[in-house]
Amino acid sequence: MKTQQQAIDDIACQILKLETLDTRNSGEFDFHELAVWQIKEALQAAYKAGNEQTKQ
């Protein structure tokens with residue numbers, strides 16, 4: 001079973017193509033352009049992960 005943080009990191013990496021969610025204090029690393037369909041897919045994945053957590 002994944003932890004909440006593992007699920008978040010996986011979604012960020014796999015769907016949003018973000019290397020890390022850590023703040024790096026650099027505009028080029030901390031701000032990203034994302035398409036609305038990427039955001040939608042990430043939110044759907046987060047919702048699904050939350051539902052799976054509550055079923056266990």
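1. Is Lys40 buried or exposed? Lys40 is exposed, because its relative accessible area is 53% and the class begins over 50% (buried means under 20%, partly exposed lies in between; 1.4 Å probe, protein chains only). Lys40 lies in helix 3. Its C-alpha is 19 Å from that of Gln6, with the two positions 34 residues apart in sequence numbering.

2. Basis of the note. This is a predicted model, in which local features need pLDDT of at least 70 and side-chain atom pairs count only at pLDDT 80 or more, while totals for chains, interfaces and linings use all residues. Residues are numbered from 1 along each chain as its sequence is written, and side-chain values use heavy atoms, with hydrogens and water left out.

3. Overall fold. The protein has three helices and zero strands. Both element types are DSSP runs, numbered from the N terminus: helices are H or I with at least four residues, strands are E with at least two. Along the sequence the pattern reads α-α-α. The C-alpha atoms fill a box of roughly 40 × 20 × 15 Å along the principal axes.

4. Burial and surface. Of the 56 residues, 16% count as buried. The exposed area of the protein is about 4900 Å². Carbon and sulfur atoms supply 53% of that area. Accessible areas come from the Shrake-Rupley method with a 1.4 Å probe; for residues, only the protein chains shown count as cover.

5. Largest pocket. Its volume is about 460 Å³. Of its 21 lining residues, Ala7, Ile8, Ile11, Ala45 and Ala49 are the closest to the centre. Helix 1 and helix 3 (36-55) are the elements that give two or more residues to the lining. The lining divides into eleven nonpolar, six polar and four charged residues. The classes are fixed by residue type: Ala, Val, Leu, Ile, Met, Phe, Trp, Tyr, Cys and Pro are nonpolar, Asp, Glu, Lys and Arg are charged, and the others, Gly among them, are polar.

6. How the pocket is defined. The search uses a 1 Å grid over the protein atoms alone. A pocket is an open set of points with protein on both sides within 12 Å along at least five of seven lines, and lining residues have an atom within 4 Å of a point; a cavity, by contrast, is a set where a 1.4 Å probe fits but cannot get out. Points are joined across faces, edges and corners, and the volume is the space filled by probe spheres set on them.

7. Helix 1 positions. Ile8 is in helix 1. Ile8 is partly exposed, with a relative accessible area of 36%. Ile8 and Trp37 are 29 residues apart in sequence and 17 Å apart in space, C-alpha to C-alpha. Asp9 also lies in helix 1 (residues 4-14). Asp9 is partly exposed at 34% relative accessible area. From Asp9 to Ala49 the C-alpha distance is 12 Å, across 40 residues of sequence.

8. Salt bridge. How many salt bridges does a search of the whole structure find? The search finds one. The criterion is a side-chain nitrogen of Lys or Arg within 4 Å of a carboxyl oxygen of Asp or Glu. The side chains of Lys2 and Asp10 meet in a salt bridge, at 2.5 Å from N to O. Lys2 is partly exposed at 45% relative accessibility. Asp10 is partly exposed too, at 25%.

9. Nonpolar patch. Leu34, Ile39 and Leu43 make a nonpolar surface patch of about 250 Å². Patch residues have over 30% relative accessible area and no salt bridge; nonpolar side chains (Val, Leu, Ile, Met, Phe, Trp, Tyr) are joined within 5 Å, like charges within 9 Å. Leu34 sits in the loop between helix 2 (27-30) and helix 3. Leu34 counts as partly exposed, at 30% relative accessibility.

10. Backbone points to check. Lys17 has a positive phi of about 60° although it is not a glycine. Lys17 is in the loop between helix 1 and helix 2. Lys17 is exposed, with a relative accessible area of 61%. Asn25 is another non-glycine residue with positive phi, near 55°. Asn25 is placed in the loop between helix 1 and helix 2. Asn25 counts as exposed at 73% relative accessibility.
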